[in-house]
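Visitor: I am new to this structure and would like a close look at a single part, the place where the two chains meet. Could you take me through it slowly, and then turn to the aromatic rings?

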Amino acid sequence: MSSTDPHPASPTGGDTPSGTPGASRTTAATARPADPEQFTPIRAKAAPRPGTWVSAVIVGLLVLALVNFLVTNPVLEWGTVATYILDVKVVQGVGWTLLVTVLAMVLGTVVALLAAVMRRSDNPVLRGVSWAYIFVFRGIPVYTQLVFWGLFTVIVPKLVVGVPFGPELLSFSTRDLLTAFWAAVIGLGLNEGAYLAEIIRSGLNSVDRGQTEASKALGMGNGKILRRIIVPQAMRVIVPPLGNETIGMLKTTSLVLAVPFTLDLTFATNGIANKLFTPIPLLIVAALWYLAITSVLMVGQYFLEKHFGRGFDDRTPVAPRRGSRSGRQAAVTRSGTTPHDPLPEVEL
Amino acid sequence: MTSNPTPDGTARSAAADATHSTDSTAPSSPVVIEVEGLHKTFGDLHVLKDCDLTVRSGEVAVLVGPSGSGKSTLLRCINQLEEATAGTIRIEGVTQGYAEQSLPDGRLQKLSAQQIAAQRARIGMVFQRFHLFPHMTALQNVMEAPVQVLRISKAESEARARTLLERVGLADRADHYPSELSGGQQQRVAIARALAMEPELMLFDEPTSALDPELVAEVLAVLKDLAADGMTMVVVSHEMGFAREVADQVAFMDEGRIIERGTPEQLIDHPRSERLQGFLASVL
C-alpha cells in the first residue's frame, strides 16, 4: 500500500530520524517552493505501539508450548496420521463428502430461491406453501429428517401419477430411484433450503425499491425484473452467508450415516479408527481434511463475491483516469489515509 | 428522437409560436396526455384533488410547486407507478390501466400486469435519484430493456445504445459502472436508458434535484436538446430558468390542486394567485 505511495508519508516510514520537530517545521515553512504541485512529504517516526510487542511475546510463547505439545505427545501418533491421510477410503470419503455438500447446497439454493420468491408473491396460495415448507423443514432436526429420508422407500414404496381416488397412469418404485446417496442429498438440501429461504428473502428485500420502479417504468414484467435486476443485486448480500452455510453443510454431511449413507469422510475415518483401536490420529486426519476443504470453499466464495460485487466495489474501478472523479476517489481510497467506509463489511 | 420525427418537428414550432399568443397549447397537434379529474388518496391523505392536464404532441409541460404538492404523484400516476383513486388518464386516446369497455354492471375491467407493462413501455421515465442498475455498465443499462422487453437483438440494441450515449455526451463512459460516474453523468445515462425504448413521451421527476449545482446544466442541456427534437415531455422541476426557456405550458400545483396553468410568460411573469406569487418569490 504505502510502498508505491508518492503522497504524504505514512507512519510506517519511520526509519529516518528527523531533527527536533520545531526546527524541521520552520525550515519547511521558510523554504516553500513557488510551484504548488511540489511539496516535501512529512518525515516522521511511527508512534510507539508497545501493545504489539507485548502480545507478540505472549502469543509466541503459547505457540511454542502448543508445538511442543503436538510434537512430544505420543497419543497423537503422527505416524498413523501420515499413513492414513492419503488412504484410498479416506480420499474417496473426501470426494463423496464434497459431492454431497455441493449437490445439497445447489438443491437447497434452488428450493430456497423458489420459497423466497413465493413468500414475496401477491398470490396467497404460494405464500402459504412457502410458509409451510419453511415451518416444517426448519422446525425438525436435520438428523430426524435424514432418518425419515432413509426410510422413505418404506413409507412410500411407490410413486403414482394419476387421478386422486381414480385410475393410475404411471407408477415408479421408489427403491429404484432413491438410493442412500440421493436420500442424503435431498434430506440435507431440503433442510438447508428452509434456512437459505430466509437469507435469500432478506437479500431480495435489501435491493432498493427504486430498482423495481425503474424496471417497471421500462415496461419490464415481474419475472424479468426479478431475474435480471433484483436477484443479481441481492446476490451481493446473499453470498457471504451462503458461504457460511456451505461450510456448515460440509460439516453437517457427517450426519448422513443417519440415512445411512456410509461413504463420507467421517464414516471412513471412524471405520478405520474402530479397526485399529486408534481414534485420535484418525480424528486428526478428518479434521485436517475438513480444514482443507473449507479453505477451498473460501477461495470459491472470494470469487463469487468478486463477481457479484461488480459495480459496487469502488476500490477496483474499470479504468481510473487521472483527474476524473472516479480516478480521484480511487486514489484517495488506495492511499488508505482516510477512513472511507460507506458500506462496513468484514473482510477475510 | 430520430424514430418518430413525423408530426412532431413541425408541430413543435407551431406550439412554440402559439405560446406567445394567448393559449398555452397548439390546437393543431394531437393530444398525447389527457388527465381528467384525477384524485389520489393514500389512506386518509388526499394527495391529488381533481387534477386536469392536457399535453399535446411535441409539447413540454413543466410542473412546479412546493414539495408535497403532488407533482411527483401526478407524474407517477401517468406512468401507473401509482394507481389513481378517481379520474381517467389517456395516452394517445388509450385509457391507462383499464379496458376501454366497462363491464355490464358498470365497473371497469382492470388490465393485467402484462398489459400494464406494455402501456408503460411506451412512456419513458427519469427519476430524481437516477435508479440506474448498479450491477451493469452504462452501456448494459441502456441495452437492457430493448433486449428484454422489445426483444431486439443484442447487436442492434448495442448499436442503438452507443448512439444514445453519444447523444447525451457519454460515449467514452459506456463501459463504466454507475458508481464510477458523477451524478450528472448517471442522470444522462438514465435519460439514454429511457430513450432506448423509443417512447412516445418522457416523464422527468425532478431530474436535477439530486445533483450538485455545477452538474445541473449538463442534464438540462440534454433536456433542451430533447425538447428541440420534438419529444413530448412532462417535467417536474424547480428550475424556473429552464421552464421559462423550454416549457410550452407551466402548471403550478399546491396542496394537490393544479392552481394555475398557462404559458411560462403568464405564470412566471404575471402570476395571478397569491400562492404562486409567494412561491415564485421564494424560488427566483
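Guide: What follows looks at the interface of the two chains and then at some aromatic side chains. Please keep in mind throughout that this is a predicted model.

Where chain B meets chain A, 32 residues of chain B are in contact with 27 residues of chain A. The area buried between the two chains is about 2,600 Å², and carbon and sulfur atoms give 56% of that area. Charged side chains also take part, for the rule finds two salt bridges across the interface of chain B and chain A. In a salt bridge between A:Glu213 and B:Arg76, the side chains meet with a distance of 2.5 Å from N to O. Across this interface there are also six residue pairs in polar contact, both partners being at pLDDT 80 or more.

On the side of chain B that touches chain A, the elements that give two or more residues are helix 3 (113-120), strand 6 (123-126), helix 4 (138-148) and helix 6 (183-195) of chain B. Of these, helix 4 of chain B gives the most, with three residues. Sorted by class, this side of chain B has 15 nonpolar residues, seven polar ones and 10 charged ones.

Turning to the aromatic rings, a search of the whole structure finds nine aromatic pairs over all chains. In one of them, the rings of A:Tyr133 and A:Phe137 have their centres 5.0 Å apart, and because their planes stand at 40°, which falls between the limits of 30 and 60 degrees, the pair counts as tilted. Both residues lie in helix 5 (residues 124-139) of chain A, where they are four residues apart, about one turn of the helix. A:Tyr133 counts as buried because its relative accessibility is 14%, under the limit of 20%, and A:Phe137, with a relative accessible area of 19%, is buried as well.

Another pair is found in chain B, where the rings of B:Phe252 and B:Phe279 have their centres 5.3 Å apart and their planes at 40°, so this pair is tilted. It links distant parts of the chain, since B:Phe252 belongs to strand 9 (residues 249-254) of chain B and B:Phe279 to helix 10 (residues 274-283) of chain B, with their positions 27 residues apart in numbering. Both B:Phe252 and B:Phe279 are buried. Finally, back in chain A, A:Trp96, A:Phe181, A:Trp182 and A:Phe261 form one aromatic cluster.

Key: Residues numbered from 1 in each chain as written. Chains lettered and ligands numbered in written order. Predicted model: local features only at pLDDT ≥ 70, side-chain atom pairs only at ≥ 80, totals over all residues. Heavy atoms only, no water. Contact = heavy atoms within 4.5 Å. Buried area = accessible area lost by both parts, 1.4 Å probe. Salt bridge = Lys/Arg side-chain N within 4 Å of Asp/Glu carboxyl O. Polar contact = N/O pair within 3.5 Å; in protein donor to acceptor, adjacent residues only side chain to side chain. Nonpolar A, V, L, I, M, F, W, Y, C, P; charged D, E, K, R; others polar. Phe/Tyr/Trp six-rings, centres within 6.5 Å; stacked < 30°, edge-to-face > 60°. Buried < 20%, exposed > 50% of the residue type's maximum accessible area, 1.4 Å probe, protein only.
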